[in-house]
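Please review the briefing below alongside the sequence and the coordinates. The topics run from a single helix to ring pairs, charged side chains and the chain as a whole.

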Amino acid sequence: MLNEWYLFPELLVTTANPASFTTVQGYIDALTATARSQGKDRFFTFITSIAEENAFLASGESAGIGIRLSIDAPARRVFISEAFEGAPGLAAGIDRGDEITAIGTSSASLRNVSDIIAAEGSAGITNALGPNTAGLTRVLRVSRGSTSREVSVTKAVFDLPAVSSRYGSRIIHDGSRQIGYINLRTFISSADTPLRNAFASFRAAGITEFIIDFRYNGGGLISTAELMGDLLGGNRSASDLYSGIRYRPSKSSRNENVFFAPRAESVSPVKIAFIGTGATASASELVINSMAPYLGRNLALIGANTFGKPVGQIALDRSACDDRVRVVAFSSVNSRGQGEYFNGLASTLDVTCQAADDLTRPLGDPQEASIRGALDFLAGRSCTAITLSGPSGNIAGQSQRGLIASDRELLVPDAPSPAQREVPGLF
């Protein structure tokens, strides 16, 4: 199937022998090794569960604690970057800014996080937290400032809200100016209605300046990315190209041009600040890249360089065994034909501004460092451009499976679930 569909057929390894591998994923990784070495397929081609992926893409269904973890491996520390509404973690009082200092199956078996990382590396944290099985209980020692407490939390099945009910959509007042703020966690079908509702409120308020917070958004459905483009395209015409989907030459009959289709809720942006990090990937990058030609220097990337995934996958299913192979099969380009941003979007955009991911403040807070940086850009204040090297710059600063968020790395298991692929750091 890779021979027929893979976007880079000339890069497939022809000497890999399937009999030499104990897992399908191991064989796939061998076939795509050359593309991976060139930064074009960094484990983007993979095997997954049809049922689990469909459940997540429809409603965000997952199982676990419902928190997003980031790790500072050299300092041997683990932090909560985000906690999701309706999930066990937030219900137990765990939220952004907390640090997990110990993990155990009971109070008596607690192990210090620093010891776990010293002995087993980042994978030790994944192992200590255990599988994402509903009913599994873990005890965590959680600290914030000088306060420490033990929390017992039992994993459960939950639907991840794509737009937070706490801070996902709001109007920020910056002096006399009104700014529309959206934090989209992931591109799934259930995001469509809250996105429409948010933009309807922005349109009713006459807002023309926006902050789109994609800092942890690992991607998802292109259909939802196209909806977001339409909602941001109130001043675009039906002849304006939003994005072009391009397959390999032998499949060029499937190429598609997607044009803006403004909706009743669409707004007409004058300026947009996109917040990103090394965890910002795929559909998130598609939105930014597609809007860039129409806004030029009135569009900026705030935070850090993005992951660099200008390619998408098709699903090839074997339903009898619940196997779905996601094959890199197409790339996306904007109206200028730009789409080769494998090293992230920072090098392709007219304006970028460095900013930290500030865990000391809630998401949506105008004083949070990245949001403050976005407000500065929208107000015309100067900033320091994002550097293209180092831990918050290009791909040289990113692990193969982990995703950089500021000076920390979102924790992604070696064998992530469908939800963990699209929501990096999810546990």
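**Helix α4 and its surroundings**

Within helix α4 (residues 50-59), the buried residues are Ile50, Glu53, Ala55, Phe56 and Leu57. The model described here is predicted. The points below begin with this helix and then turn to other topics.

- The packing partners of the buried residues of α4 are β1, β2 (61-64), β17, β18 and α12 (418-422).
- At the N-terminal end of α4, serine 49 acts as the cap, with a side-chain oxygen 3.4 Å from the backbone nitrogen of alanine 51.
- Glycine 60, just after α4, adopts a positive phi of about 80°.

**Aromatic pairs**

- In total, the structure contains 12 aromatic pairs.
- Phenylalanine 44 and phenylalanine 307 form an edge-to-face pair, because their planes stand at 65°, and the cut-off for that class is over 60 degrees; their ring centres are 5.9 Å apart.
- This pair connects distant parts of the chain, 263 residues apart: phenylalanine 44 belongs to the loop between α3 (33-37) and β1 (46-49), and phenylalanine 307 to the loop between β16 (299-303) and β17 (311-318).
- Phenylalanine 44 has a relative accessibility of 5% and therefore counts as buried, the limit being under 20%.
- Phenylalanine 307 is likewise buried, with a relative accessible area of 5%.
- Tyrosine 247 and phenylalanine 330 make a tilted aromatic pair, with 5.5 Å from centre to centre and 45° between the planes.
- Because tyrosine 247 lies in strand β13 (residues 241-247) and phenylalanine 330 in strand β18 (residues 323-333), this pair ties together parts of the chain 83 residues apart in sequence.
- Tyrosine 247 and phenylalanine 330 are both buried.
- A cluster of Tyr6, Phe8 and Phe342 is linked by ring pairs.

**Charged groups over rings**

- Arginine 36 places its charged end over the ring of phenylalanine 43, at 4.7 Å from the ring centre.
- Tryptophan 5 has lysine 251 over its face, 3.9 Å from the ring centre.

**Glutamate 265**

- The loop between β14 (256-259) and β15 (271-276) contains glutamate 265.
- The relative accessibility of glutamate 265 is 17%, so this residue counts as buried.
- A polar contact of 3.2 Å joins the side chains of glutamate 265 and arginine 196.
- Apart from neighbours within four places in sequence, the residues in contact with glutamate 265 are Arg196, Phe199, Ala200, Arg203 and Leu231.

**The chain as a whole**

- The secondary structure consists of 12 helices and 21 strands.
- For 427 residues, a compact globule would have a radius of gyration near 22 Å, and the 21 Å of this chain agrees with that value.
- The C-alpha trace spans about 65 × 60 × 40 Å along its principal axes.
- Buried residues make up 56% of the 427 residues of the chain.
- Among the contacts in the chain with a separation of 6 or more, 69% are between residues 24 or more positions apart.
- The exposed area of the chain is about 16,200 Å², of which carbon and sulfur atoms supply 49%.

Terms used. Residues numbered from 1 in each chain as written. Predicted model: local features only at pLDDT ≥ 70, side-chain atom pairs only at ≥ 80, totals over all residues. Heavy atoms only, no water. Phe/Tyr/Trp six-rings, centres within 6.5 Å; stacked < 30°, edge-to-face > 60°. Helix = DSSP H or I, 4+ residues; strand = E, 2+ residues; numbered from the N terminus. Buried < 20%, exposed > 50% of the residue type's maximum accessible area, 1.4 Å probe, protein only. Lys NZ or Arg CZ within 6 Å of the ring centre and 35° of its normal. Rg over C-alpha atoms; globule rule 2.2 N^0.38 Å. Contact = heavy atoms within 4.5 Å. Areas by Shrake-Rupley, 256 points an atom, 1.4 Å probe, with all protein chains shown as cover. Polar contact = N/O pair within 3.5 Å; in protein donor to acceptor, adjacent residues only side chain to side chain.
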